[in-house]
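Biologist: Can you pull up the model? I'd like to go through the cysteines and the membrane spans.

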Amino acid sequence: MEMNDITSTLQYWLVNHPAILNFTWNPGQTLGSSPHFLTFTVLSYLSLTFMLSHLSLPPIKPSLLKSITAVHSLFLLILSFIMALGCILSIFQAPHLHWIICLPPQTPPKGPLFFWAYIFYISKVIEFIDTLLIILSNSIKRLTFLHVYHHATVVIMCYIWLQTSQSLFPAVLVTNASVHVLMYAYYLSCALGVRPKWKKLVTDCQLVQFYSSFVVLGLMLYYHFTGLGCSGAWSWCFNVVFFASLLALFADFHAKNYGKLKTKMAGATN
Ligand SMILES: CC(C)(COP(=O)(O)OP(=O)(O)OC[C@H]1O[C@@H](n2cnc3c(N)ncnc32)[C@H](O)[C@@H]1OP(=O)(O)O)[C@@H](O)C(=O)NCCC(=O)NCCSC(=O)CC(=O)O
């Protein structure tokens, strides 16, 4: 197969397939698009997480749990790669390149870019399984505020992206899905019994993604006030608060896991 054939095959399956090209986010009609669905999903996630983490569940054979965890991580690794690629190829089909940062006001949520935003939204619901796996593995100390807050709020963020045609989603989606390829490769390797030496690299990439989100947020604001405006200006505020809180939580995770204090403590116990 020549390079051109590969590119046009990818272009068809990830951008020009009729299901992708004709996708429309129809509030109340598209699966998962009603506010009731969102409320029910997030509240169920939070209450089930609370209940299951306080129950003593029957133990699952560790080898079976590791296999399920490996399959789940592999699935999300592949899906994250496809979403990043699909979104990048869709960006190049947009009429103007600066649509990556600023979609025109009242952009309707339809077509390839919004198809990938929708798949990304669904993938964030699938990521709830991460929490179940942590509970089932009895590593309750890994069930942190950061983990539960991230998993619950990111679904709300994706819903708002689709509902308000949020301008910054293509750039954030590509960055996050790419970082998740690395993150699920790390988790997959752990589930297979090999603990990678590059754990810190994964956290560093996550921090870089949050810093770069602020560049995108700043650029969107610039385009919004110097041009004809950008779509989703109000939901911009939700993203600033969410990314700032994640940045703070991840900076804290980084300091606790790889900081000088940790190194000193490890030295003291040796
Ligand atoms: C390196 C990190 C990715 C993970 O750090 P942690 O210290 O939490 O992880 P760890 O080293 O204990 O992980 C290894 C353990 O995870 C298990 N494991 C494997 N696959 C898993 C999965 N899909 N979900 C949950 N756990 C999983 C392995 O079997 C292994 O268990 P065992 O130890 O029994 O062998 C870090 O940067 C990070 O994100 N920490 C925050 C915690 C978190 O929940 N992150 C993901 C959501 S936040 C996010 O996703 C932000 C973003 O958008 O980028």
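Modeller: Cysteines come up here, then the annotated spans.

Modeller: This is a predicted model, where local features need pLDDT of at least 70, side-chain atom pairs count only at pLDDT 80 or more, and totals for chains, interfaces and linings use all residues. Residues are numbered from 1 along each chain as its sequence is written, and side-chain values use heavy atoms, with hydrogens and water left out.

Biologist: How many disulfides does the count come to?

Modeller: One, taking a disulfide as a pair of cysteine sulfur atoms within 2.5 Å.

Biologist: Which cysteines does the disulfide join?

Modeller: Cys102 and Cys230, S to S 2.0 Å. Cys102 sits in the loop between helix 4 (62–91) and helix 5 (112–126), and Cys230 in the loop between helix 9 (199–226) and helix 10 (236–258), so the bond ties together parts 128 residues apart in sequence. Helices here are DSSP runs of H or I, at least four residues, numbered from the N terminus.

Biologist: Why is the disulfide left-handed?

Modeller: The torsion about the S-S bond of Cys102 and Cys230 is about -105°.

Biologist: Is Cys102 buried or exposed?

Modeller: Buried, at 6% relative accessible area. Cys230 is buried too, at 4%. Buried means under 20% relative accessible area, exposed over 50%, partly exposed in between (1.4 Å probe, protein chains only).

Biologist: Why is Cys158 not bonded to Cys87?

Modeller: The two sulfurs are 12 Å apart, too far for a bond. Cys87 is buried at 0%, and Cys158 is buried at 0%.

Biologist: Now the membrane. Which residues does UniProt list as "transmembrane region"?

Modeller: The unreviewed entry lists several spans, including 113–136 and 143–162. UniProt positions use the numbering here, feature names are shortened, and annotations may be inferred rather than shown by experiment.

Biologist: How much helix is in 113–136?

Modeller: 96%, with 0% strand (E runs of at least two). Its end C-alpha atoms lie 36 Å apart. Residues 143–162 are 90% helix, with ends 29 Å apart.
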